[in-house]
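Morning, everyone. Please have a look at the structure on the screen, and then we'll walk through it together.

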Amino acid sequence: MTLDDIDRVAVIGAGNMGHGITEVVAMAGYDVTMRDIRTDLVESGYGDIEWSLEKLAEKGLLDESPGDVLARIETTTELETAVDEADLVIEAAPEELALKRELFSELESYTDRRTILASNTSSIPITDIAAATERPGRVVGTHFFNPPVKMDLVEVVYGEETTDDTAETAFEFVESLGKTPIYVRKDVRGFVVNSVLGPFGDEAAWMVSEGDAEIREADATMVHERGYPMGPFELSDLTGIDIGYHVRTEAGRPVPPVIESKVEAGDLGRKTGAGFYTYEGGDGPDYAPEDASDSFDWLRIEARIINEASKLIGNDVATAEAIDTGLLLGAGFPEGPCRRGDELGLVSVLEKLDSLYETTGADRYEAAEHLRELVDSGRTGEEAGEGFYTYDDAREYATIDVEHREDGLLRIELDRPERLNALSEELRAEIIHVLESTDDGEVRAVLFEGAGDRAFSAGADITGFSGRKPHETEVTRLNRIVDEYPRPTLAKVDGFCLGGGFELALACDLRIATTDSEFGFPEIDLGLLPGGGGTQRVIRMLPEARAKELVFRGNRIDAETASEWGLINRAVPGAELDSTVESFLSDLIGGPPVALRMAKRVMNEGRDIDLDAGLEMEAQAFGLVLSTEDANEGTTAFMDDRDPHFEGK
Ligand code: NAD
């Protein structure tokens, strides 16, 4: 069974996950049947899909009408009807092994031998479910995150018997949904994301239990200093303190006393009105940035997270890339743990674990063999040039796609389509690395574009935003580097160009967009303001009233308005985008490099100085350019009535 063979999908369960998965599958163009055990349950799931599709349509996130998507969804209470023609079944029934085993054995009898049987379980071993069938090779985990419509990650989990063929088809299927799959190559408890996330709450709970930290201090430091979207105690309240308690007891791991006492008192978090914070009659997670403290030993938590990732890599469960993708997309981490480990330096991570192990003797600090091997072999992180990843000038980029064409075009594609190419810290750092490490003598022009067909970039990645102090971010630095880059730069915009994405486009020299692109600064709606040069660039480019309208109202303008206002060079129909961009590029690439560089410099600098000083600067540049070989070539070619050939000399 390959991806091409999958036309019809069945989803078992119309609950939280089942209805969301059904919606995502239908949106991707598949015919799908959703099954639950009672008509009212099926109807309620279907109603949830209708509501969600309407919301997506209102936000302009649906390519067709909700009705078109709904037309691909059928519902039933009969299991056999649901699955008999399905090429792939995704089970999202309650998390009970006996129930799932019974279901899978029935599924087997109603489906073709080639049909892939997938489970959305978050904690039951795939192997145990698969064992209820005669064809465990065809059983695989497809672990979607909640809510499936919004969450991009899906873990594709191997049971002991799962064949590569099955896992690969499931992986490609997930990609065809526009989601990001990662392989979990062994059936480990918690798969990848929950295993690595585990120590986040666990170590914080031990620190509080042992009197080394306060709850608010832990949450505030992890959020405001380390960039996590939620504090460990806030997260535990949200998921339910009892859930974490059971996960530990089932795994035979000790339970931190603060967790035990909450469970004993029945204060299980949000759902019971109280947990580590008070919800009913209280303010919920009311920690403030001031609660963060320098003495909070966050490395205890991060070292354990990185250690957990090392174990998975050492045991061939997942690659560093898969783990980082998983934690970024599945847990909202500001940075993948392997990447962060490389940045922190693996020696300090290992030393922290070793010293905790020495003083406490607790298993949880026992360093992974893989981590020790990395350190012993000198692969201690970014500074050493190698750690979990390899760092050199020809480094592989995770969030951008770079092409250096023979004609001198440096093409940089923002490559996070699953996040509408949101500008993460890593993405910014990667662009800076490309621009700084490529010899600009070899570059004639730079083109920025966004992957996928929905956005140039929808803005800054808010995840991990709050934790950073402005001087620590690359926002302004990136845009300054782009603005001052000694070659012409062009932003090719197809879709959303918002916030930080808009600022990057504005830092380019030229902008060409499709007519259905949209521009705007939504920052004000978040209680922020454009922070990457946006206010300053638009106030210089536009009449004041228009600039302030953009920033103050936070509304989007379409490409035609942007073009009328003079914010972009052209707004063209989608079909003409490539040819228009290429015709601009051919002028930029074929133009005289020295004269273009000087023109760019004097025009940029001229923005901020008075006319006389500007004219003076221009005269000097003109004098310099006059003596270049290119100027000679340009005038000679003009006389000879041929195209000039500029060499940048
Ligand atoms: P849910 O309780 O919201 O939905 C389960 C649905 O399955 C219910 O509507 C129930 O009536 C139905 N059902 C029961 N027996 C059935 C059967 N034999 N055939 C068809 N339907 C049946 O649960 P959920 O949150 O959607 O979770 C479903 C699965 O997804 C579980 O395995 C869970 O661990 C997993 N999961 C949940 C989340 C989450 O955050 N909720 C995230 C990832 C994975």
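How far does a polar side-chain atom of Ser 122 lie from an oxygen atom of the ligand? The distance is 2.9 Å. Keep in mind that this is a predicted model.

Let's stay with the ligand. Asn 120 also brings a polar side-chain atom to an oxygen atom of the ligand, at 3.0 Å. Asp 36 does so too, and there the distance is 2.6 Å. How much of the ligand does the protein bury? Taken alone, the ligand exposes 830 Å². The protein buries 77% of that.

Now the full shell. It counts 21 residues around the ligand. The closest are Met 17, Arg 35, Asp 36, Glu 95 and Lys 100. So Asp 36 comes up twice: it is among the closest residues, and its side chain has that 2.6 Å pair with a ligand oxygen.

Which elements supply the shell? Helix 1, residues 16-27, gives at least two residues. Helix 5, residues 97-110, and strand 6, residues 139-144, each do the same. By class, the shell has nine nonpolar, eight polar and four charged residues.

Next stop: a pocket. The second largest pocket has a volume of about 610 Å³. Its lining is made of 25 residues. Nearest its centre lie Asp 483, Glu 484, Arg 537, Asn 604 and Arg 607. What classes make up this lining? There are 13 charged residues, six polar and six nonpolar. Four helices each supply at least two lining residues: helix 19 (475-484), helix 20 (499-507), helix 21 (534-541) and helix 25 (593-606).

On to salt bridges. A search of the whole structure finds 46. Take one of them, between Arg 8 and Glu 74. Their closest N and O atoms are 3.7 Å apart. Why pick this pair? Arg 8 sits in strand 1, residues 8-12, and Glu 74 sits in strand 3, residues 73-76, so the pair ties together parts that are 66 residues apart in sequence.

Last, two backbone details. Where is the cis peptide bond that joins Asn 146 to its partner? It runs from Asn 146 to Pro 147, with omega at about -5°. Pro 147 is in the loop between strand 6 and strand 7, the latter being residues 153-158. Strand 6 also supplied part of the ligand shell.

The other detail is Asn 421. Asn 421 is not a glycine, yet its phi is positive, at about 55°. Look for Asn 421 in the loop between strand 10 (409-414) and helix 18 (425-437).

How values were computed. Residues numbered from 1 in each chain as written. Predicted model: local features only at pLDDT ≥ 70, side-chain atom pairs only at ≥ 80, totals over all residues. Heavy atoms only, no water. Near = heavy atom within 4 Å. Polar contact = N/O pair within 3.5 Å; in protein donor to acceptor, adjacent residues only side chain to side chain. Areas by Shrake-Rupley, 256 points an atom, 1.4 Å probe, with all protein chains shown as cover. Nonpolar A, V, L, I, M, F, W, Y, C, P; charged D, E, K, R; others polar. 1 Å grid on protein atoms, 1.4 Å probe; cavity = no way out; pocket = protein on both sides within 12 Å on 5 of 7 lines; lining within 4 Å. Points joined across faces, edges and corners; volume = space filled by probe spheres on them. Salt bridge = Lys/Arg side-chain N within 4 Å of Asp/Glu carboxyl O.
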